[in-house]
Structure formats: C-alpha cells, structure tokens
Amino acid sequence: MGYGELNIRSYNPQKDRARVEDLERRCEVGPAERGFLFTDTLGDPICRIRNSPIYNMIVAELNNQLVGVIQGSIKLVTIHKPPKNLARVGYILGLRIAPLYRRRGIGSSLVVRLEEWFIASGVDYAYMATEKDNDASFKLFVEKLGYVKFRTPAILVNPVNCPMYRISSKYEFEKLKVEEAESLYRKFMSSMEFFPSDIGNILRNKLSLGTWVAYPRGESWGEILPSSWAMVSVWNSGEVFKLRLGNAPTSCLMYTKSSQLMGSLVPCFKWRGIPDFMHPFGFYFIYGVCREGPMSGKLVRTLCRLVHNMAAKCRDCKAVVTEVGGSDTLRRHIPHWRLLSCPEDLWCIKGLKNEERESFYELIKTPTTRTLFVDPREV
C-alpha cells in the first residue's frame, strides 16, 4: 500500500469508542447533490447493529490512527431460492473511511475482512444497501468485490410538521399485543423476501413502539378479519442515533426558510413545511406494512398519518420514514415528499458459498417481487 502497515482488527470499546465517534462525525453519507447526512451515534458507535442477533464491528488503523470502520450483522431470513427458502445473510453497513485516507484500498480490505467473518459464521449471502448514484460505493462493491444488483426499494420520507393530519372517523384503530402481531406477520408476511425469522424479537424490542391495525368502522377485529384491513409497526430510530443534513440543496433550504416564514406570518394558514434538518433530528421508521382488501390502500395511508401525529408529539422526531419494494404499488398510498425521498435505493448481494453458486444465480434471476421486508434494525 505504501503508506505504512494497515492493521485491521475487531472494535475495542475502551480504546476505539471516542475515535470511531470522531470518524463518524467527519464522514458524510449520500451524494453531494442531494445533501450529506451526518450521524450522531449518541455515545454508542455500535448502536445501529446492537439490536441484531449477531453483530461485529471492525476497524482499520494506519500509523496508529483509526482511519476506517465497518459493521456487519447476521440473521436468518426468507430468500426464495431452490431447494430451500431460508438463508443466513450478513448485512454490511457503516463503512466509513477518513477523508484523507480514501482511495488507498482500506475500504476493500475492511469489506474482505468482514466477509471472512461472515463465512466463518456460516453466512450464505452478504448484502449491502446504497443509493443508486453513489458511484464510489458501486465501484467498490459491484465492480471490484463482485456484488450483484439485487433489488431497488424506495425510501419514502414524510416530514413531521404542524398542523397534524385529520384522521377520518370512517375507520377504527387498535394497538395489537405483541403475540397477536407476531402471529399475523408470520401468517401473512413470512413468504416475503428478507422476512426475519426472529420477528418476535423485533416486535418485543424497546425501540418498537407498537403495532397498529386499521379497519372500516362498523366492522370488528377478531378471529375473522374485517373485509379490509391494514397493519403497520413503528420503530423509534431517534433513540438509537440522530441525523443532521449538511450541504443541503438550495431548493431544500429555500423551501424550508419560506415555509417557516409563511407559518410565522400567517399562522391561521395551515402551511405544511419542511422541518429544520440542519440540526440533529430523530425519525420514526414504519416497518411491516401489511394490508388486505379493497380499502386497504386508504387504510395504510390513514395509519401513516396516525404515525405522523404520534411523531409530532416527540420533540426530536422530524420525519417518518419507510422503505418498500421498487415495484410495490403500496408506495402510492404512503404519504411522502419526493424532494426528501429516494425513489431507488440499491441493494447488492454476493454469494459466499461456492457449493451454492447455482442457487445464487437462480436467486438473482428471480423477478422482483411485489413486497420486501425491511428490518428496522438495519436502517
């Protein structure tokens, strides 16, 4: 490498905590033209993987300086491939390289070391997510390390602002017990791509605020389900880490300032503007969106509005976010702002077992399904 000896090792909380946090503050996430996101891990650098069944953080040192970090988690999920529909997958996230040490092969060295840990842990596939126009990430994973484009889900962002949404009186709402929610998810969503086998642990996690259902007024919720119904669960990501927008696009800044000005000058006018994302903020993540029946789209939209109103009561929550399959018609019913959303996130995947190479080719040739389960622990 020509710059000294690179030392790659496991994360040591006592030695590395402050240095990893400093690196995180210096690293931006996302393409410059859409604005950078900076992450505040609130004193816990492994906060984004701590709730996963198995996890690991690996750091890179060069000349006694911490110059890179990567995180990974392992779980069992539904993946449609012959002859079985379950696979052990490793998720790669949080790859950060200090700005002055980029383009020296440190990123690829960290990914390779994490893949070695995956293989030793019996992982079938490694996968990662990035924005489709993140050229540096694409070149590293796809062109250099052999990952393959897999799915293109959409990230939908709805800003939390006043006034609150009006909730229609045409619908009934119930908060489900964890046991009932788990039973429904296993019944209706267990065949969905990337559905986690430990869904019960997710629902019981303290960050999961609950699961709500909506159905037409006049019908009842019981063993026989209503003619139309929808269900969502909510994860409080703001309790794990905070985000801050840097280098925001001029259009976003102008809209934010103008909407705040309109709200102050004409308070009686219900102006729905963009919150201040330039200061640290949290967000609620909607996951496990499930629906049945002819009115289910409207019920999903109403539940999303209900979550928005819940988030508005949380001081630091500035957005409600969800992620759906790229071809999922569900996105039409989820309130979101195009200015803030990402229409095509990019998931890339790589087979780690040579003996399953044929199954891997079958997997990546499988047409994009209508639905995709996005684990809130990996947001």
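Phe277 is buried in this predicted model, because its relative accessibility is 5% and the cut-off for buried is under 20%. Phe281 is buried as well, with a relative accessible area of 7%. The rings of Phe277 and Phe281 form an aromatic pair, with 4.8 Å from centre to centre and 55° between the planes. A pair of rings is described by the distance of the centres and the angle of the planes. For Phe277 and Phe281 the arrangement is classed as tilted, because only planes over 60 degrees apart count as edge-to-face and only those under 30 degrees as stacked.

The structure holds 15 aromatic pairs. Ring pairs also link five residues into a cluster: Tyr91, Tyr127, Phe150, Phe194 and Trp347. Phe150, a member of this cluster, has a charged neighbour as well, since Arg151 lies over the face of its ring at 4.2 Å from the ring centre. A second contact of this kind involves Arg48, whose charged end sits over the ring of Phe241, 5.7 Å from the centre of that ring.

The next topic is the sheet. Seven strands make up an open sheet with mixed pairing, and their order across the sheet is S1-S3-S4-S5-S6-S15-S7. Strand S1 (6-10) and strand S7 (148-151) are the edge strands, each pairing on one side only. From one strand to the next, the twist averages 30°.

Within this sheet, strand S6 (residues 125-131) and strand S15 (residues 345-351) run antiparallel and are joined by seven bridges. Thr130, for example, has Leu346 in S15 as its bridge partner.

A helix packs against these strands. Helix H2 (residues 106-120) lies across S1, strand S3 (54-62), strand S4 (65-78), strand S5 (86-97), S6 and S15. Relative to S4, helix H2 runs at about 35°.

The cysteines are the last topic. How many disulfides does the structure hold? The number is zero, which means that no pair of cysteine sulfur atoms lies within 2.5 Å. Are Cys27 and Cys290 buried or exposed? Cys27 has a relative accessible area of 1% and is therefore buried. Cys290, at 6% relative accessibility, is also counted as buried, because the cut-off is under 20%.

Key: Residues are numbered from 1 along each chain as its sequence is written. This is a predicted model: local features need pLDDT of at least 70, side-chain atom pairs count only at pLDDT 80 or more; totals for chains, interfaces and linings use all residues. Side-chain values use heavy atoms; hydrogens and water are left out. Buried means under 20% relative accessible area, exposed over 50%, partly exposed in between (1.4 Å probe, protein chains only). Two strands pair if DSSP finds at least two bridges between them. Helices (H or I, at least four residues) and strands (E, at least two) are DSSP runs, numbered from the N terminus. Axes are lines fitted to C-alpha atoms, for helices over the stretch in contact, and angles run from 0 to 180 degrees between N-to-C directions. Contact means heavy atoms within 4.5 Å. Rings of Phe, Tyr and Trp (its six-membered ring) pair if their centres lie within 6.5 Å; planes under 30 degrees apart count as stacked, over 60 as edge-to-face and the rest as tilted. A charge sits over a ring if NZ of Lys or CZ of Arg is within 6 Å of the ring centre and within 35 degrees of the ring normal.
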